[in-house]
Amino acid sequence: MEHRLQLFIDNQQIAFTHGVFPDGAVWLKVTGALPQTAQLMRIRAAAMHDMNDFMLLAQLVDAVRHTTDVLVSHLELPWLPWARQDRYMVDGDSFALKVFARQLNVLGFNKVKVLDPHSDAAGAAIDNLVGITQERCLLQSATLRRRFAARELMLVAPDAGALKKIDAVAKAVGVSEYAILSKKRDVASGNLTGFALVAGDVKGRDVLIADDLCDAGGTFIGSAQVLREAGARSVSLYVTHGIFSKGVENLLSNGIDAIYTTTSFTSPSLQHPQVELIDIDAIYRA
């Protein structure tokens, strides 16, 4: 989590260092001056990948509280790890989000601010969760604000599960219609089939698929093919959390014209002429 874990005490950033012991265990030490008392400890932990990242967070909290009497503690956790494993899907599965939430809740944050949580299960599992909505994240893109204001884009929901969020986005950007896609996913294998446009006339339109996250991108590649076959002039993609495990080129070479995503998981150093990054700092300050 180099440069993606940050500590602020009463809005002053505090330095720390961290590393890895020979046995693989991570360590952390606060090097900046800590006061005896503080009104607010605010920690931002972006792009949390694994339990080593969580241990750095936990050690940071422990180090601060050992020295400083903190009144209120806030965690900005833009990307919620294990968010997709939000139930027992098949025999032998774990409810990984609940397992992670138990560990996180021990740290006792007064607020845990997550961008565009994958499902309502996050709020049930994590104490004091504050979900920052998809529309609030999307609207921090100046390009998307301008294009929606000019009525240049038509929203597309990638599946029925996205309808609640798409409806909220549509209201926020001031549009009254959107297209709806459907697909079938094999729960055991994860394979996707049966992409179809079930509502909305996209012929001659510039469309924007909006969803909470993109991993390999199979959903959006299949969606783009269906939308182009239905006459869409261009297909863009907004996702709050861009994992892009097969790279952005996998999308841009398979029917997606432009990508908009936040830096919740995507590295702020990513540069591509067809990719616009939305700074998570702007979202948290909005």
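**Figure 1. Phe54, Trp82 and Phe100 form a cluster of rings in this predicted model.** Ring pairs link the three residues. One of these pairs joins Trp82 and Phe100. Their ring centres lie 5.1 Å apart, and the planes meet at 35°. This pair is tilted, because planes from 30 to 60 degrees apart are neither stacked nor edge-to-face. Trp82 sits in the loop between strand 6 and helix 2, while Phe100 belongs to helix 2 itself. The two residues are 18 apart in sequence, and their pair links distant parts of the chain. Trp82 is partly exposed, with a relative accessibility of 25%. Phe100 is buried, at 2%.

**Figure 2. Trp79 and Phe265 meet edge-to-face.** A pair of aromatic rings is described by the distance between the centres and the angle between the planes. The structure holds four aromatic pairs. In the pair of Trp79 and Phe265, the centres are 5.5 Å apart and the planes stand at 75°, so the arrangement is edge-to-face. Trp79 comes from the loop between strand 6 (69-76) and helix 2 (96-105). Phe265 comes from the loop between strand 14 (258-262) and strand 15 (275-278). The pair therefore ties together parts that lie 186 residues apart in sequence. Both partners fall under the 20% limit for buried residues: Trp79 has a relative accessible area of 7%, and Phe265 has a relative accessibility of 17%.

**Figure 3. Two arginines lie over aromatic faces.** Arg42 is placed over the face of Phe8. Its distance from the ring centre is 4.1 Å. Arg65 takes up such a position over Phe109, at 5.9 Å from the ring centre. Arg42 also belongs to a network of salt bridges, described in the next legends.

**Figure 4. Glu76 and Arg44 form a buried salt bridge.** Side chains of opposite charge can pair when their charged atoms come close. Here the N to O distance is 2.7 Å. Glu76 lies in strand 6, and Arg44 lies in strand 5 (residues 37-45). With their positions 32 residues apart in sequence, the pair links distant parts of the chain. Glu76 counts as buried at 5% relative accessibility. Arg44 is buried too, at 6%.

**Figure 5. Asp281 and Arg285 pair along helix 9.** Their side chains meet in a salt bridge of 2.8 Å, N to O. Both residues are in helix 9 (residues 280-285). They are four residues apart, which means a separation of about one helical turn. Asp281 is partly exposed, at 26% relative accessibility. Arg285 is exposed, at 60%. A network of salt bridges links these two residues with Arg42, Arg44 and Glu76.

**Figure 6. A salt bridge joins Asp257 to Arg228.** The closest N and O atoms are 2.4 Å apart. Asp257 is in the loop between helix 8 (248-252) and strand 14. Arg228 is in helix 7 (residues 218-229). The partners are 29 residues apart, and the pair links distant parts of the chain. Asp257 is partly exposed, with a relative accessible area of 32%. Arg228 is also partly exposed, at 33%. The whole structure contains 14 salt bridges.

**Figure 7. Arg147 is a buried residue of helix 5.** Helix 5 spans residues 142-149. The relative accessible area of Arg147 is 15%. Leaving aside residues up to four places away in sequence, Arg147 touches Glu152, Leu153, Asp206 and Tyr260.

**Figure 8. The close-ups belong to a protein with nine helices and 15 strands.** Its radius of gyration is 20 Å. The globule rule gives 19 Å for 286 residues, so the protein is as compact as a globular protein of that length. The C-alpha trace spans about 65 × 45 × 35 Å along its principal axes. Buried residues account for 47% of the 286. Of the contacts between residues at least 6 apart in sequence, 62% join residues at least 24 apart. The protein exposes about 13600 Å², with 49% of that area supplied by carbon and sulfur atoms.

Terms used: Residues are numbered from 1 along each chain as its sequence is written. This is a predicted model: local features need pLDDT of at least 70, side-chain atom pairs count only at pLDDT 80 or more; totals for chains, interfaces and linings use all residues. Side-chain values use heavy atoms; hydrogens and water are left out. Rings of Phe, Tyr and Trp (its six-membered ring) pair if their centres lie within 6.5 Å; planes under 30 degrees apart count as stacked, over 60 as edge-to-face and the rest as tilted. Buried means under 20% relative accessible area, exposed over 50%, partly exposed in between (1.4 Å probe, protein chains only). A charge sits over a ring if NZ of Lys or CZ of Arg is within 6 Å of the ring centre and within 35 degrees of the ring normal. A salt bridge is a side-chain nitrogen of Lys or Arg within 4 Å of a carboxyl oxygen of Asp or Glu. Contact means heavy atoms within 4.5 Å. The radius of gyration is taken over C-alpha atoms; the globule rule is 2.2 Å times the number of residues to the power 0.38. Accessible areas come from the Shrake-Rupley method with a 1.4 Å probe; for residues, only the protein chains shown count as cover.
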